[in-house]
Amino acid sequence: MNTMMLFTNFVGLLLMSLVMSVRSVPLALHMRDVFVPPIVSPTADAVWVVGSTQTVTWNTTDAPEQITNPTGRILLRKDGLTTDNVLAEGFDILLGTINVTVPDVDAGSDYAIVLFGDSGNFSPTFSIEGAAETY
């Protein structure tokens, strides 16, 4: 037998033993669902003011029993792109509501909220206005 044939046989046996050992390990599988709760607020007619506290709400009535990632995170979107502005994080996605502080951003009518947990879910676009200046 030549060296190449010995090597090929060795690799084949190694792969077969690996497959057999993996097949003998019982796998504990759990049914998991992706949860994409609809955002209730802000709505399309909402106007937030920089520095104010606003409430983000989402509907949790159809939540599955097992949620793959139950830890929520809310970011701000502008012009259809998710920004680095984290408005809230580390909360239970089943809360259905959380207060956020509107960050110091440029005024515009093309903002949206992204709710992360199992999946990214976007609110309708809404407006953010600059804080009123005091003299």
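The protein chain exposes about 9000 Å², and 58% of that comes from carbon and sulfur atoms; such accessible areas come from the Shrake-Rupley method with a 1.4 Å probe, and for residues only the protein chains shown count as cover. This is a predicted model, so to speak of local features pLDDT must be at least 70, side-chain atom pairs count only at pLDDT 80 or more, and totals for chains, interfaces and linings use all residues. Residues are numbered from 1 along each chain as its sequence is written, and side-chain values use heavy atoms, with hydrogens and water left out.

As for the overall layout, the protein chain has one helix and nine strands, where helices (H or I, at least four residues) and strands (E, at least two) are DSSP runs numbered from the N terminus. The order from the N terminus is α-β-β-β-β-β-β-β-β-β. Of the 135 residues, 30% count as buried, that is, under 20% relative accessible area, with exposed meaning over 50% and partly exposed in between (1.4 Å probe, protein chains only).

Strand β4 (residues 71–78) has two antiparallel partners to look at here. With β5 (residues 81–92) β4 pairs over seven bridges, and with β7 (residues 108–116) over six; two strands pair if DSSP finds at least two bridges between them. Lys 78 stands opposite Leu 81 in β5 and also opposite Tyr 111 in β7. The hairpin of β4 and β5 has two residues between the strands, and there Asp 79 takes a positive phi near 55°.

Then there are the aromatic rings. The count comes to two aromatic pairs, taking rings of Phe, Tyr and Trp (its six-membered ring) with centres within 6.5 Å, where planes under 30 degrees apart are stacked, over 60 edge-to-face and the rest tilted. Trp 48 and Phe 126 make a tilted pair, 4.6 Å centre to centre with 50° between the planes. Trp 48 sits in β2 and Phe 126 in β9 (residues 126–129), so this pair ties together parts 78 residues apart in sequence. Trp 48 is buried at 3% relative accessibility, and Phe 126 is buried at 1%. The pair of Trp 58 and Phe 91 is tilted because the ring centres are 5.6 Å apart and the planes lie at 40°. Trp 58 in β3 and Phe 91 in β5 are 33 residues apart, so to say distant parts of the chain that the pair links.
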